[in-house]
Amino acid sequence: MTVLLPGQAAAPVGPADLRMMYVMHFGFRRDLTHFCVAARRTPIADGRTWRALLARWDLLSTVLHDHHRKEDVVIWPLLRERAEADHDVHALAVLDAMDAEHDMIDPLLLRVREGLEAMTIGTGAADREQLTVALDETYTCLTGHLAHEERAANAVLQARIGGAEWDYLERTQLRGGMSARELTQMLPWAFKDLPDPLASEILAEAPLPLRVMLRMGRRRFLQLDGVAFAAVPAGTTVGTTLVR
């Protein structure tokens, strides 16, 4: 089963159902677009909005760290073991690149957080400029990594992990790791702006406890999201040309 969401670079064909991976990638691209626009448009003196943007960045970072941790601990080592057994030099080079790109992203996330934290105390135009530069670099680095993963790493995955095995990994190792509180934040985050029919399909397939957590967290998430991105024009989403 394949899906191609806005901004997605590729969807290699194979037995593994990677829809949830692509949903997360869509959310990362969407958020980065919104943050780049908000950093340029939010009034410098609007402390309430900057504080909401900081909290919203922390949510994005939490979701991204969880996503990358599962790749680093579960997916990449499994693929590396099988690529080494096959002496597949190309696949090993792709996996090396995934590791290196993950290492590049974490310092950028911290730089953006520091920039947002500075804006919460009412600093000036120079701090905004530093923040927008950090966000632009993060946007370029992370979206480039996502595209590389979608084109190359997922082709390696589809060649080496069967559909039943992937389903088992999702059930046993890729869905856990977050607290109930984090899940009530992550689930409405994942569904934000997610196009139909995919959003409806995933919701229909989700177990009852996850649907309950989605309902529990939606109102609070939408309140935070609305304050944080108050300066972002309606309709801004993945693929929107950023305001420079």
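Start with tryptophan 57: in this predicted model its relative accessibility is 1%, so this residue counts as buried, the cut-off being under 20%. Its partner is phenylalanine 35, which is buried too, at a relative accessible area of 2%. Their ring centres sit 4.9 Å apart with the planes at 90°, so this is an edge-to-face pair. Follow the chain and you'll see that phenylalanine 35 belongs to helix α1 and tryptophan 57 to helix α2, with their positions 22 residues apart, so the contact links distant parts of the chain. There's a third ring to find here as well: ring pairs join Phe35, Trp57 and Phe229 into a cluster.

Now look for another tryptophan. The model has three aromatic pairs in total, and one of them brings together phenylalanine 28 and tryptophan 189, whose ring centres are 5.5 Å apart. The planes meet at 45°, so this pair is called tilted. Phenylalanine 28 is part of helix α1 while tryptophan 189 is part of helix α6, so the pair ties together parts that are 161 residues apart in sequence. Phenylalanine 28 and tryptophan 189 are both buried. Tryptophan 189 has another neighbour to check out: arginine 30 lies over the face of its ring, 4.9 Å from the ring centre.

Next, the empty space. Rolling a probe the size of a water molecule over the atoms shows where such space is left. The largest pocket holds about 830 Å³. To find its middle, look for Met20, Glu170, Leu174, Arg175 and Met186, the closest to the centre among the 34 residues of the lining. Which helix gives the most to this lining? That's α2, with six residues. Helices α1, α2, α5, α6, α7 and α8 each supply at least two. As for the kinds of residue around this pocket, the lining has 21 nonpolar, 11 charged and two polar ones.

The second largest pocket has a volume of about 230 Å³. Its lining includes Leu59, Arg181, Thr184 and Gln185, along with Met216, Gly217, Arg220, Phe221 and Leu224. Two or more of the lining residues come from each of α6 and α8, and α8 has the largest share, at five residues. By class, the lining of this second pocket splits into four nonpolar, three polar and two charged residues.

Terms used: Residues numbered from 1 in each chain as written. Predicted model: local features only at pLDDT ≥ 70, side-chain atom pairs only at ≥ 80, totals over all residues. Heavy atoms only, no water. 1 Å grid on protein atoms, 1.4 Å probe; cavity = no way out; pocket = protein on both sides within 12 Å on 5 of 7 lines; lining within 4 Å. Points joined across faces, edges and corners; volume = space filled by probe spheres on them. Helix = DSSP H or I, 4+ residues; strand = E, 2+ residues; numbered from the N terminus. Nonpolar A, V, L, I, M, F, W, Y, C, P; charged D, E, K, R; others polar. Phe/Tyr/Trp six-rings, centres within 6.5 Å; stacked < 30°, edge-to-face > 60°. Buried < 20%, exposed > 50% of the residue type's maximum accessible area, 1.4 Å probe, protein only. Lys NZ or Arg CZ within 6 Å of the ring centre and 35° of its normal.
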